[in-house]
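User: Please take one part of this model and look at it closely. Start from a single backbone position, then work outward through whatever surrounds it.

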Amino acid sequence: MPRPILATVHLDALRHNLRRCRAAAGDARVWAVVKADAYGHGIERVWPALRGADGFALLDLAEAERLRALGWRGPILLLEGCFEPRDLETCSRLDLWHVVHTEEQIDWLAAHKTDQPHHVFLKMNSGMNRLGFRPQAYRAAWARLQALPQVGEIGLMTHFSDADGLRRGREGVLHQVEAFVRATRDLPGERSLCNSAATLRHARRLRLGDDGGALAADWVRVGIALYGGAPDHPAHTAADWDLQPTMTLASRLIAIQPVAAGETVGYGSIYTAAHDMRIGIVACGYADGYPRHASLSQDHGAPVLVRGVRTRVVGRVSMDMLAVDLTPVEAAGGPCQLGDEVVLWGRSTSGAVLPVDEVAQAAGTVAYELLCAVAARVPFAVDGADTP
């Protein structure tokens with residue numbers, strides 16, 4: 001039989017989360033962000049559930065090709081724009097919208113030969129200090145684009161650095177919203193500001209400047225919220241935002257070991273049994289994408305579900321295996337057996353849910369990394385009817 005590990009993508013949860021994000025966005029249209037192969041879920045797998053979005057946003061031309069091959073004829077936005085001049089040819093062929101964030105990309109457009117003007121989004125560096133034109137240079141960049149026959153519509157966008165909380169005692173988006181409004185107040189074009197955190201936290205209640213325009217603007221760009229992660233965890237959980245887990249990583253017990261008080265578990269002997277106990281060995285390790293540091297100390301191990309009962313990882317995660325404490329599981333339902341279900345994150349067959357955010361927090365990282373890191377050797381399945 002194959003090794004008992006499986007990642008399952010839940011289409012019903014993806015549809016639900018898309019509806020939830022759309023409700024939060026108000027009148028704005030929704031980009032479904034599917035970069036990093038749909039946050040590790042697989043573009044082809046999520047397609048049946050996310051084709052109800054207004055557009056798709058991603059990074060790679062190859063991923064854009066895959067969406068067009070699936071039959072998507074609507075907008076596709078390249079979030080980092082083109083990486084070299086010849087990428088513009090692919091944008092023309094596939095009718096891709098693309099972000100412009102540097103003078104060189106404008107130069108490439110000026111030299112590009114095309115019969116079909118490009119739809120671009122001009123990005124402002126309003127405080128993230130990653131990509132984009134600073135506010136004082138933004139209008140000049142817009143004017144250059146506006147003068148090019150190779151450019152049709154010009155959208156306006158920025159990206160928030162602190163949409164998930166406060167910055168210097170104020171809501172984290174405010175300093176960037178203010179900079180964006182000042183620099184774009186009378187410029188025409190569709191606007192896109194909100195990521196997942198801003199969409200859920202602010203899109204329907206904050207206002208942009210004195211003109212009262214909604215922060216949601218014309219487009220929102222939702223990523224982690226689509227995939228069931230709370231963008232501002234631990235301040236809010238996925239359940240607080242009415243988001244459902246879209247991936248379950250599950251395995252089974254392949255061995256059970258009695259461990260006497262004082263004995264240690266795993267490499268480095270970082271866990272010492274305080275009492276006689278039984279541990280379960282699970283067919284999952286860091287080569288499957290599970291975080292090696294999910295158990296950082298004697299007292300702090302990442303949560304797992306065994307037979308739907310919450311317990312924790314003990315000892316250091318190995319390449320192919322990890323150990324879990326069976327004490328609470330057996331107290332709830334009797335002795336464990338080989339083959340018992342173990343959920344590393346997601347939904348158990350009993351209906352219990354383990355949010356990926358909690359596993360990530362225990363491992364000192366974020367849900368994005370865990371979802372994107374599931375290894376190629378892990379088989380995938382998809383559940384949920386293929387309906388819009």
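Analyst: Asp95 sits in the loop that links H5 to S5. This is a predicted model, and what follows is computed from it. Asp95 comes right after H5, and its phi is positive, near 55°. Asp95 has that positive phi although it is not a glycine. Most residues other than glycine have a negative phi. Asp95 counts as partly exposed because its relative accessibility is 46%, between the 20% and 50% cut-offs.

Step back into the helix before it. H5 spans residues 87-94, and its buried residues are Asp87, Leu88, Thr90, Cys91 and Leu94. Viewed down the axis of H5, these buried residues fall within an arc of 155°, so they line one face of the helix. Several elements cover them. Among the covering elements are helix H4 (61-70) and strand S4 (76-78), along with S5, H6 and S6.

Three of those neighbours lead on to H7. The buried residues of H7 pack against strand S5 (97-100), helix H6 (103-111) and strand S6 (118-124), and also against strand S7 (151-158) and helix H8 (174-184). S5, H6 and S6 thus appear on both lists, for H5 and for H7.

Now H7 itself. Helix H7 covers residues 135-146, twelve in number. From first C-alpha to last it reaches 17 Å, close to the 16 Å expected at 1.5 Å a residue. Its buried residues are Tyr138, Ala141, Trp142 and Leu145. Down the axis of H7, they fall within an arc of 105°, so they too line one face of their helix.

How do H6 and H7 meet? Their axes lie 10 Å apart and cross at an angle of about 10°. Angles under 35 degrees count as roughly parallel, so H6 is roughly parallel to H7. On the H6 side, the residues involved are Glu103, Ile106, Asp107 and Leu109. On the H7 side, they are Ala141, Arg144 and Leu145. Ala141 and Leu145 belong to the buried set of H7.

Leu145 deserves a closer look. Setting aside neighbours within four places in sequence, Leu145 contacts Val100, Ile106, Leu109, Val120, Leu122, Val151 and Ile154. Ile106 and Leu109 are also among the H6 residues that meet H7. In nonpolar packing, Leu145 has a prominent place. The largest nonpolar core has 113 residues, and Leu145 is among those with the most contacts inside it, together with Leu50, Tyr227, Tyr290 and Trp345. Helix H1 (residues 11-25) gives the most to this core, with six residues. A second core is separate from it; this one has nine residues, including Val259, Val265, Met277 and Ile281. In soluble globular proteins, nonpolar side chains tend to be buried together.

H8, one of the elements packed against H7, holds Glu178. Glu178 is partly exposed, at a relative accessible area of 34%. Ser126 lies 52 residues from Glu178 along the sequence, yet their C-alpha atoms are 8.7 Å apart.

Return to the backbone feature that opened this tour. Asp37 also has a positive phi, near 55°, and is not a glycine. The setting of Asp37 is a helix, H2 (residues 35-39), whereas Asp95 is in a loop. Asp37 is partly exposed, with a relative accessible area of 25%. Another backbone feature is the peptide bond from His233 to Pro234, which is cis, with omega near 10°. Pro234 belongs to the loop between strand S13 (219-222) and strand S14 (247-259).

Beyond H2 comes the loop to helix H3 (43-50), and Gly40 lies in it. Is Gly40 buried or exposed? Gly40 counts as buried, at 16% relative accessibility. Gly40 and Ala373 are 333 residues apart in sequence, but 6.8 Å apart in space, C-alpha to C-alpha. Outside its neighbours within four places in sequence, Gly40 contacts Met247, Leu371, Cys372 and Phe380.

One more loop residue completes the set. His293 is placed between strand S17 (277-282) and strand S18 (303-306). With 43% relative accessibility, His293 counts as partly exposed. Its C-alpha is 7.1 Å from that of Arg316, 23 residues away along the chain. Apart from neighbours within four places in sequence, His293 touches Ala362 and Ala363.

Terms used
Residues are numbered from 1 along each chain as its sequence is written. This is a predicted model: local features need pLDDT of at least 70, side-chain atom pairs count only at pLDDT 80 or more; totals for chains, interfaces and linings use all residues. Side-chain values use heavy atoms; hydrogens and water are left out. A nonpolar core is a set of buried Ala, Val, Leu, Ile, Met, Phe, Trp, Tyr and Cys residues joined through side-chain atoms within 4.5 Å. Buried means under 20% relative accessible area, exposed over 50%, partly exposed in between (1.4 Å probe, protein chains only). Helices (H or I, at least four residues) and strands (E, at least two) are DSSP runs, numbered from the N terminus. Contact means heavy atoms within 4.5 Å. The expected span of a helix is 1.5 Å times one less than its number of residues. The arc is that of the directions from the helix axis to the C-beta atoms. Axes are lines fitted to C-alpha atoms, for helices over the stretch in contact, and angles run from 0 to 180 degrees between N-to-C directions. Angles under 35 degrees count as roughly parallel, over 145 as roughly antiparallel, 65 to 115 as roughly perpendicular and the rest as oblique.
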